[in-house]
Amino acid sequence: MEQFKMQVLICAGTGCISSGSKKVEVALRDQLIKKGLENEIKIVTTGCHGFCEMGPLVIINPEGVFYIRVQESDVIDIVEEHLCNGRIVERLLFKEEGALKGIPSYKDIDFYKKQTRMVLVNCGHLDPEQINEYIAVGGYEALRKALTTMKPDEVIEEVKLSKLRGRGGGGFPTGVKWGFTKNAPGDKKYVICNADEGDPGAFMDRSVLEGDPHRVLEGMAICAYGIGADEGYLYVRAEYPLAIKRLRIAIEQAEEMGMIGDNLFGTGFNFHVKIKEGAGAFVCGEETALMASIEGMRGVPRSRPPFPAISGLWGKPTNINNVETFANVPQIITKGAKWYASLGTEGSTGTKVFALTGRINHTGLAEVPMGITMREIIYDIGGGIQGGKKFKAVQIGGPSGGCLPEHLLDMSVDYDSLIQVGAMMGSGGLVVMDESTCMVDISKFFLSFTQAESCGKCTPCREGTKRMLEILTRMTEGLGKEGDIELLETLAKNIKLTALCGLGQTAPNPVLSTLRYFREEYEAHIREKRCPAGACAGLTQYKITAGCKGCGICLKACPVGAIQGEKKAVHKIDHNTCIKCGVCMTKCPFKAIVKG
């Protein structure tokens, strides 16, 4: 901490900024100046610390006191009580459910206890806009080691021995892919970092780019040395302005320090990096569509083979990995493949970063060792289901993944196990659902996303997903008919077999997995014209029970005048007029209106 006596870390990731952390920073600087402490206490703005729903987050070092939901109005108390008098501000500490006393250190909070932070190790602990802070914790040491003590083949062999698999979804062995690219003939080769993170609810890559951009650049440079490339591209969606800003700063600083550019570490190896901003098309996460976009063409996939390792960007051998994959590389080189392979499972080594969202108590980023169970992630780290409701399913792998039921909560979370049960690791999105979620409706939601994002190049994806979506829409509106389930299955299987790219081939996964584990819900929608979860408006009727006091609140609230009744008498709903908006049930103070 240089000459400073204390250090205040303020989360400046996108989530915390949106919750007001910039105002906290400004107020804290003002207060320190007023107290004459600006030369004794250092303020550091960091990347995302992971516990997103509790932001803005503030950590006071050297004690490591962890404050949550800090607002501008809390700054005076933090300065007066903690920084000046050494007294912890108890009301800003995190409390586990039912606990009376707060927890001073984040390391003692359940959300963090079972995490193994390797990719996220620096996020929330250093200033991503200061390269010296990255170097101070060993940054670019792996690149120096690779360039000065290892041959390119040795670098690739080390990555192979680590058994690192691609973290972008497919799980292909990273070292094998690098080897293909190195051995491909060509006088020019490229490295591309796929940061086109488009899954709903996913923000793992964004947080790494915002919180530790140099780690990704270092991983790309090591890859470039291994495969014989001298140029790289970071493909980042334009909706990530903060990540792009920090990447630009990181590249500029790395070039100034000689970590990126010409003659790195005096070895004669050159590596230059450019940023390409994507326009937000989900299909551009597919590697061939991504390369087309970089080349200035419309982002649509092409047939493979040839694969990018043989003929990629501008027809040259190209290696493509995602943000998290590259972020794993430096520690493999510094600590060794054997160390890395000792983490996780035999076929899925290392850790995986997940974005926890949905009906879960603690949303945010969690990095866990491969092989952990879904139950541990959802209940031990995520704090269980909101409102004490019953767990129903978890969607893993984004819109291309699958929905897994309760009886699979204790399975190992690894690449192969997930494939066996009809899901996939994907990039790491986890959407948790409770008993109020309709599985037919959730399938419709995910399919509507992939159908809208289809580039339209191939007929199976363009037309097939549209037909599937029409069937699901009919079901949720009460218009499903016998044969629809079988038709859905036929369409889904044919699309998986014949679609051109990964988007189309995996688009039916949510439907197939929900049919596999929640088929009775589909049958209820068709045969009983009933939504078991009470979520589909087209299959829902609101009923006024005998508990009605005749207060008239629902009558006045109904936007279409569907409720009738005398004062102090039980009211009635005209179902021919009712638009099923649910306002009456929300407004009733006696809970006398129910879904039927």
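A salt bridge here is a side-chain nitrogen of Lys or Arg within 4 Å of a carboxyl oxygen of Asp or Glu. Keep that in mind for the exercises on charged pairs, and note that the model you are looking at is predicted.

**Exercise 1. Find the residues that salt bridges join into a network, and give the count of salt bridges.**

Start with the count: the rule gives 43 salt bridges. Next, look for the linked group. Glu482, Glu489, Arg519, Glu523 and Arg527 are connected in a network of such bridges.

**Exercise 2. Work out which parts of the chain the Lys114 to Glu376 pair brings together, and how covered the two residues are.**

Step one is the distance: the closest N and O atoms of Lys114 and Glu376 are 2.9 Å apart, and the two form a salt bridge. Step two is location. The pair links distant parts of the chain, with Lys114 in the loop between helix 4 (110-113) and helix 5 (131-136) and Glu376 in helix 15 (residues 374-381). They sit 262 residues apart. Step three is accessibility, where partly exposed runs between the buried limit of under 20% and the exposed limit of over 50%. Lys114 has 35% relative accessibility, so Lys114 counts as partly exposed. Glu376 comes in at 23%, so partly exposed fits Glu376 too.

**Exercise 3. Sort the partners of two further salt bridges, Asp212 with Arg215 and Arg474 with Asp484, into buried or partly exposed.**

Take Asp212 and Arg215 to begin with: their side chains meet in a salt bridge, 2.9 Å from N to O. Asp212 has a relative accessible area of 1% and is buried. Arg215, at 8%, is buried as well.

Now the other pair. The side chains of Arg474 and Asp484 meet in a salt bridge with an N to O distance of 2.7 Å. Because Arg474 lies in helix 18 (residues 459-476) and Asp484 in helix 19 (residues 484-498), the pair ties together parts that are ten residues apart in sequence. Arg474 is partly exposed at 24% relative accessibility, whereas Asp484 is buried at 2%.

**Exercise 4. Describe how helix 10 and helix 13 meet.**

Get the geometry down: the axes of helix 10 (residues 213-227) and helix 13 (residues 323-335) come within 7 Å and cross at roughly 75 degrees. Then name the arrangement. That angle makes helix 10 roughly perpendicular to helix 13. Finally, pick out the residues in contact. On the helix 10 side they include Arg215, Val216 and Met220, and on the helix 13 side they include Phe326, Val329 and Pro330. Arg215 is also the salt-bridge partner of Asp212.

**Exercise 5. Lay out the sheet that holds strand 12 and say what packs on it.**

Write the strand order: this open sheet of five strands runs 11-10-14-12-13, with mixed pairing. Strand 11 (364-369) and strand 13 (402-405) are the edge strands, each pairing on one side only. Neighbouring strands are turned by 30 degrees against each other on average, direction ignored.

Then go through the partners of strand 12. Strand 12 (residues 391-396) and strand 14 (residues 429-434) pair in the antiparallel sense over five bridges, with Val394 opposite Val432. Strand 12 and strand 13 are also antiparallel, over four bridges, and here Ile396 stands opposite Gly402. These two strands form a hairpin with five residues between them, and Gly397 in the turn has a positive phi of about 95 degrees.

Last come the helices. Helix 17 (residues 439-453) lies across strand 12, strand 13 and strand 14, at about 15 degrees to strand 12. Helix 21 (residues 509-517) packs on the sheet too, touching strand 12 and strand 13, and makes about 20 degrees with the direction of strand 13.

**Exercise 6. Is Gln395 buried or exposed, and what surrounds it?**

Place Gln395 to start: it belongs to strand 12, where six of the six residues are buried. Gln395 itself is buried, with a relative accessible area of 1%. Its bridge partner in strand 14 is Val431.

Now follow the side chain. A polar atom of the Gln395 side chain lies 2.5 Å from the backbone oxygen of Gly398. The backbone nitrogen of Cys403 lies 3.4 Å from a polar atom of that side chain. Leaving out residues up to four places away in sequence, Gln395 touches residues including Gly401, Leu430, Met433, Phe446 and Pro510.

Methods. Residues numbered from 1 in each chain as written. Predicted model: local features only at pLDDT ≥ 70, side-chain atom pairs only at ≥ 80, totals over all residues. Heavy atoms only, no water. Pairing = 2+ DSSP bridges. Axes fitted to C-alpha atoms, helices over the stretch in contact; angles between N-to-C directions. Contact = heavy atoms within 4.5 Å. Buried < 20%, exposed > 50% of the residue type's maximum accessible area, 1.4 Å probe, protein only. Polar contact = N/O pair within 3.5 Å; in protein donor to acceptor, adjacent residues only side chain to side chain. Parallel < 35°, antiparallel > 145°, perpendicular 65-115°, else oblique.
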